[in-house]
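I opened this notebook to keep track of what I look up in one structure, entry by entry. The sequence and the model come first, and my notes follow.

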Amino acid sequence: MVLAWSITECVRYSHYALGILNIEVYALLYLRYTLFYVLYPAGVTGELLEMWAALPHAAALHPALRAFLLLNMSGYPPVLYKLYTHMIYQRRKVLGGSSPTTPKASVDSGSARKKKL
């Protein structure tokens, strides 16, 4: 889990930092909008397994804590679906591919000024 989220954040913030400097690295852009296909499910699975493993310990501390963890775990599937489909839409908008449901908007009005590497 930690590895999946760490890779995600390293790629994301490297992309943002270079964007501030008006430097566009296509490989980093591609990774930013592609790695989520593997890393989101891996990270969420890791989080759910950690909560599952903590259930007996939570119950020993307080029954309400166990109920809280179960309630929290039940919210993961719809939230993951929402985040995952949002990233698919963003990927199509930024990298192209099959057209999104809404008209394609300009990703960055200053993209012509960016240095491409």
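Entry 1, a term I need. A residue is called buried when its relative accessible area is under 20%, exposed when that area is over 50%, and partly exposed in between. I looked up Asn72 with this in mind, and because its relative accessibility is 31%, I noted it as partly exposed. Asn72 has its place in helix H4, and its C-alpha atom is separated by 9.3 Å from that of Leu48, although the two residues lie 24 apart along the chain. I also reminded myself that I am reading a predicted model.

Entry 2, the whole chain. I counted four helices and two strands, and when I followed the sequence from its start the pattern read α-β-α-α-α-β. The chain has 117 residues, of which 27% count as buried. I then looked at contacts between residues at least 6 apart in sequence, and found that 65% of these join residues at least 24 apart.

Entry 3, helix H1. How far apart are the end C-alpha atoms of H1? I worked out that the 19 residues of H1 (residues 2-20), at 1.5 Å a residue, should span 27 Å, and the end C-alpha atoms are indeed 27 Å apart, which agrees. Next I listed the buried residues of H1, which are Ala4, Thr8, Val11, Arg12 and His15. Seen down the axis of H1, these buried residues fall within an arc of 90°, so they line one face of the helix. I recalled that an α-helix has 3.6 residues a turn, so residues three or four places apart point the same way. The buried residues of H1 pack against helix H2 (26-32) and H3, while on the other side of H1 I found Val2, Leu3, Cys10 and Ile20 exposed.

Entry 4, two residues of H1. His15 is in helix H1, and I noted it as buried because its relative accessible area is 19%, under the cut-off of 20%. Leaving aside neighbours within four places in sequence, I found His15 in contact with Leu28, Leu29 and Arg32. Trp5 is in helix H1 too, but at 23% relative accessibility Trp5 counts as partly exposed. Not counting residues up to four places away in sequence, Trp5 touches Leu39, Tyr40, Gly43, Val44 and Glu47. For one of these partners, Leu39, I looked up the C-alpha separation from Trp5, which is 7.1 Å for residues 34 apart along the chain.

Entry 5, after H1. Which sign does phi of Asn22 take, positive or negative? I found it near 60°, a positive value in a residue other than glycine. Asn22 sits in the loop between H1 and strand S1 (23-24), and its 34% relative accessibility makes Asn22 partly exposed.

Entry 6, helices H3 and H4. Two packed helices are described by the angle between their axes and the distance between the axes. I looked up both for helix H3 (residues 36-61) and helix H4 (residues 63-95), whose axes come within 8 Å and cross at roughly 175°. Because angles over 145 degrees count as roughly antiparallel, I wrote down H3 as roughly antiparallel to H4. Sorted by class, the contact of H3 with H4 has 24 nonpolar, one polar and three charged residues.

Definitions and conventions. Residues numbered from 1 in each chain as written. Predicted model: local features only at pLDDT ≥ 70, side-chain atom pairs only at ≥ 80, totals over all residues. Heavy atoms only, no water. Axes fitted to C-alpha atoms, helices over the stretch in contact; angles between N-to-C directions. Parallel < 35°, antiparallel > 145°, perpendicular 65-115°, else oblique. Nonpolar A, V, L, I, M, F, W, Y, C, P; charged D, E, K, R; others polar. Expected span 1.5 Å × (residues − 1). Buried < 20%, exposed > 50% of the residue type's maximum accessible area, 1.4 Å probe, protein only. Arc of directions from axis to C-beta. Contact = heavy atoms within 4.5 Å.
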